[in-house]
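The following exercises ask you to look closely at a structure and to reason from it step by step. Work through each task before you read its solution.

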2 protein chains.
Amino acid sequence: MARTFRFLVTVAGMIAALAVTAEAADDLKRPTGYRHWFHVNTMVVDKASPLFAVLGGMHNVHVNSVGEAALKKGGSYPNGTMFVIDLHDFSLDDGTYVEGALKGLALMEKDSKKYASTGGWGFQFWAGGDPKKPAVTDATKQCFECHQPKKDQDYVYSTYIP
Amino acid sequence: MARTFRFLVTVAGMIAALAVTAEAADDLKRPTGYRHWFHVNTMVVDKASPLFAVLGGMHNVHVNSVGEAALKKGGSYPNGTMFVIDLHDFSLDDGTYVEGALKGLALMEKDSKKYASTGGWGFQFWAGGDPKKPAVTDATKQCFECHQPKKDQDYVYSTYIP
């Protein structure tokens, strides 16, 4: 009886662990209203960049109100901070880069407990901005490994530009 | 007596007209908080552009809440609409355009009466974003002439990109 109980506890624990893992991958929701969040900066990854295949496009970075003060001050971000990259296609018209259609939305959301294994950040990317098309299945490999060098900025590449 | 009165009325009218003209050039205030306004679009005017000398830089366009619905719907803008261009320097780093320091702030503010001679829009540009450095002294020549071809969009170049 004790043995069965222990087994059940173990199985329950495994299911709980699986549930947490599934949650970590799936619970991030595509944010809305981010074009009213503080505009952090813009970056255009052009065809000449070695990152074009993965990150090509016009990146507009926004931060929600939770993280805005930390961005300006520097240092670590409070839980609930969200950074969004509003990623668009672009075209080149006589020396001017012009914004095109939405390519995708990238999200970094801070929860130091839930996402402890990836620096306290949850990561997701929605292709075309479609809530039904999350593209990140392995946040460590697809996202966090490239953010690790920025540990001294709480894994955030963007800095405040007045 | 009647003659003197008419003369005084005329002089008063001229002074009023001068005051209005002076106001039209000087009353536009450098807006604040625009990085929380709706982010309309981004444009990078690169060195290859024939416009680089005048408009070179990374342009981030924002619209205030008064004009946001009109932007999305298309058509004419209500009085009180403000568009800001947050203009920054940029550098090119291995195929990526990276945002630099603030170069200036451009404002279009709608007041169909006050700015009737320039399509209902007041124009100003502050060099370096400095409220003490307004650069527009002749809105017609420096701004409006280039906006006239966009009459069917109420003289606004930007359109809504979802």
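**Exercise 1: A lysine and its partners in chain B**

B:Lys72, at 38% relative accessibility, counts as partly exposed, in what is a predicted model. Task: find which residue B:Lys72 forms a salt bridge with, and which ring it lies over.

Solution.
- Step 1. The salt-bridge partner of B:Lys72 is B:Glu68, and the closest N and O atoms of the two are 2.9 Å apart.
- Step 2. Both residues belong to helix 3 of chain B, where they are 4 residues apart, so about one helical turn separates them.
- Step 3. B:Glu68 has a relative accessibility of 13%, which is under the 20% cut-off, and therefore it counts as buried.
- Step 4. B:Lys72 also lies over the face of B:Phe38, at 4.5 Å from the ring centre, and in chain A the charged end of A:Lys72 sits over the ring of A:Phe38, 4.5 Å from its centre.

**Exercise 2: Salt bridges that link distant parts**

Task: state how many salt bridges the structure holds over all chains, and then describe the one that joins A:Lys110 and A:Asp154.

Solution.
- Step 1. Over all chains, the structure holds 6 salt bridges; in general, side chains of opposite charge can pair when their charged atoms come close.
- Step 2. In chain A, the side chains of A:Lys110 and A:Asp154 meet in a salt bridge with an N to O distance of 2.8 Å.
- Step 3. This pair links distant parts of the chain, since A:Lys110 is in strand 4 (residues 96-110) of chain A while A:Asp154 is in the segment after helix 4 of chain A, 44 residues apart.
- Step 4. A:Lys110 counts as buried at 8% relative accessibility, and A:Asp154 counts as buried at 9%.
- Step 5. In chain B, B:Asp154 forms a salt bridge with B:Lys110, with the closest N and O atoms 2.8 Å apart.
- Step 6. B:Asp154 lies in the segment after helix 4 (139-147) of chain B and B:Lys110 in strand 4 of chain B, so the pair ties together parts that are 44 residues apart in sequence. Both B:Asp154 and B:Lys110 are buried.

**Exercise 3: A threonine in a loop**

Task: decide whether B:Thr81 is buried or exposed, and find what its side chain reaches.

Solution.
- Step 1. B:Thr81 has its place in the loop between helix 3 (65-73) and strand 3 of chain B.
- Step 2. With a relative accessible area of 0%, B:Thr81 is buried.
- Step 3. The side chain of B:Thr81 reaches the backbone oxygen of B:Pro78 at 2.8 Å.
- Step 4. Not counting residues up to four places away in sequence, B:Thr81 touches several others, among them B:Val63, B:Met108 and B:Trp121. Another of these residues is B:Lys110, and although B:Thr81 and B:Lys110 are 29 residues apart along the chain, their C-alpha atoms are separated by 5.3 Å.

**Exercise 4: Two histidines**

Task: describe the surroundings of B:His88 in strand 3 of chain B and of A:His147 in helix 4 of chain A.

Solution.
- Step 1. B:His88 counts as buried, at 1% relative accessibility, and A:His147 counts as buried at 17%.
- Step 2. The side chain of B:His88 makes a polar contact of 3.1 Å with the side chain of B:Asp86, and a polar contact of 3.3 Å joins it to the side chain of B:Glu99.
- Step 3. Leaving aside neighbours within four places in sequence, the contacts of B:His88 include A:Ile161 and A:Pro162.
- Step 4. For A:His147, a polar atom of the side chain lies 2.7 Å from the backbone oxygen of A:Tyr155. With neighbours within four places set aside, A:His147 is in contact with A:Met108, A:Phe123, A:Tyr155 and A:Tyr157.

**Exercise 5: Where the two chains meet**

Task: describe the interface of chain B and chain A, giving the area that the chains bury between them and the part of chain B that supplies the largest share of its side.

Solution.
- Step 1. The contact takes 31 residues from chain B and 30 residues from chain A.
- Step 2. The two chains bury about 2,500 Å² between them, with 51% of it on carbon and sulfur atoms.
- Step 3. Between chain B and chain A the count is 0 salt bridges, whereas 19 residue pairs are in polar contact across the interface.
- Step 4. On the side of chain B that touches chain A, strand 1 (38-45), strand 2 (57-63) and strand 4 (96-110) of chain B each supply at least two residues, and the largest share, 8 residues, comes from strand 1.

Conventions
Residues are numbered from 1 along each chain as its sequence is written. Chains are lettered from A and ligands numbered from 1 in the order in which they are written. This is a predicted model: local features need pLDDT of at least 70, side-chain atom pairs count only at pLDDT 80 or more; totals for chains, interfaces and linings use all residues. Side-chain values use heavy atoms; hydrogens and water are left out. A charge sits over a ring if NZ of Lys or CZ of Arg is within 6 Å of the ring centre and within 35 degrees of the ring normal. Contact means heavy atoms within 4.5 Å. Buried area is the accessible area (1.4 Å probe) that two parts lose on being put together, summed over both. A salt bridge is a side-chain nitrogen of Lys or Arg within 4 Å of a carboxyl oxygen of Asp or Glu. A polar contact is a pair of N or O atoms within 3.5 Å; within protein, one must be able to donate a hydrogen and the other to accept it, and residues adjacent in sequence count only if both atoms are side-chain atoms. Buried means under 20% relative accessible area, exposed over 50%, partly exposed in between (1.4 Å probe, protein chains only).
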